[in-house]
Amino acid sequence: MVDGQILTALGESILRMSSGFVLGSLAGVACGLAMGLFAPLRWTIGTVVEALRPIPAAAIIPPLIFILGIDNALKISIISLAVFFPVVVNTLSGTLSIDPTLLDVARTFRISRTSTLLRVALPAVLPYVFTGMRTGISIALITTVVAEMIAGSGGIGYYILNMQYAMRPSEMYAGILALAALGYATNALFRAWEMRVLHWAHL
């Protein structure tokens with residue numbers, strides 16, 4: 001590691017990626033559940049989601065620079081948006097696949113809508129949510145690096161690009177290797193968390 005520069009760059013990237021991933025996942029789960037449980041929302045918001053989903057996150061960076069500048073607000077917003085779509089699509093699929101009998105039983109016992117959401121719907125869709133989040137975390141890492149390369153002043157993406165311009169290939173390749181290690185560690189940690197939370201689904 002060159003004077004700790006790579007570690008510093010990785011730390012900045014991890015902070016941005018984590019923030020964007022959490023925000024995008026929370027929004028995706030909330031929106032997916034709402035769309036799955038309420039048909040009018042599915043028809044309206046679903047159309048918007050399907051219209052925006054094919055647009056690559058990198059293509060939205062230039063216009064958003066005019067609104068958010070080039071600081072963390074831009075990068076975290078882009079990462080959140082990139083994570084949002086796989087999470088919302090998978091959460092919606094999970095919500096639509098809930099056994100109607102479970103919801104009927106909840107209504108028969110007059111369980112409130114909030115309790116039904118938290119104790120019936122959410123556990124039933126968790127495997128789908130995690131599938132979306134697993135896809136989302138890979139996209140979050142890619143989007144973080146791309147955003148830092150396009151509009152960066154720090155982070156591992158900016159570091160790699162900067163080393164290329166400075167004609168310092170050894171530092172550039174060290175940055176790429178560090179990025180690969182980060183991707184591997186992120187995936188391994190997420191898989192461990194998933195196995196812990198969804199241990200009942202793997203029995």
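This is a short tour of a predicted model, going from the protein chain as a whole to its largest pocket and then to two residues of helix 6.

**Whole chain**

Start with the protein chain in cartoon view. Colour by secondary structure and you should find 8 helices and 0 strands. Followed along the sequence, the pattern reads α-α-α-α-α-α-α-α. Aligned on the principal axes, the C-alpha atoms take up a box of roughly 70 × 40 × 20 Å.

Next, switch on a contact display. Of the contacts between residues at least 6 apart in sequence, 76% join residues at least 24 apart.

**Surface and charge**

Now show the surface of the protein chain. The accessible area is about 11300 Å², and carbon and sulfur atoms account for 69% of it. Colour by accessibility: of the 203 residues, 38% are buried. Then select the charged side chains, which carry 12 positive and 9 negative charges. The mean positions of these two sets lie 12 Å apart.

**Largest pocket**

Move to the largest pocket, which holds about 440 Å³ of space. Its lining consists of 18 residues, and those closest to the centre are Leu 37, Phe 38, Leu 103, Arg 107 and Thr 116. Select these five by number and centre the view on them.

Which helices each supply at least two residues of this lining? They are helix 1 (5-37), helix 2 (39-52), helix 4 (72-96), helix 5 (100-108) and helix 6 (113-151). Give each of these helices its own colour while the pocket is in view.

**Thr 116**

Stay at the pocket and select Thr 116, a residue of helix 6 and one of those closest to the pocket centre. Is Thr 116 buried or exposed? Thr 116 counts as buried because its relative accessibility is 15%, and the cut-off for buried is under 20%. Leaving aside residues up to four places away in sequence, Thr 116 touches Leu 103, Ala 106, Ile 111 and Ala 121. Leu 103 is also among the residues closest to the centre of the pocket.

**Arg 134**

Finally, go along helix 6 to Arg 134. With a relative accessible area of 24%, Arg 134 is partly exposed. Show the neighbours of Arg 134, again without residues up to four places away in sequence: the contacts are Asn 187, Phe 190, Arg 191 and Glu 194.

For a last distance, pick the C-alpha atoms of Arg 134 and Ala 30. These two residues are 104 apart in sequence, and the C-alpha atoms are 17 Å apart in space.

How values were computed:
Residues numbered from 1 in each chain as written. Predicted model: local features only at pLDDT ≥ 70, side-chain atom pairs only at ≥ 80, totals over all residues. Heavy atoms only, no water. Helix = DSSP H or I, 4+ residues; strand = E, 2+ residues; numbered from the N terminus. Buried < 20%, exposed > 50% of the residue type's maximum accessible area, 1.4 Å probe, protein only. Contact = heavy atoms within 4.5 Å. Areas by Shrake-Rupley, 256 points an atom, 1.4 Å probe, with all protein chains shown as cover. Lys, Arg positive; Asp, Glu negative; His and termini not counted. Charge placed at Lys NZ, Arg CZ, Asp CG, Glu CD. 1 Å grid on protein atoms, 1.4 Å probe; cavity = no way out; pocket = protein on both sides within 12 Å on 5 of 7 lines; lining within 4 Å. Points joined across faces, edges and corners; volume = space filled by probe spheres on them.
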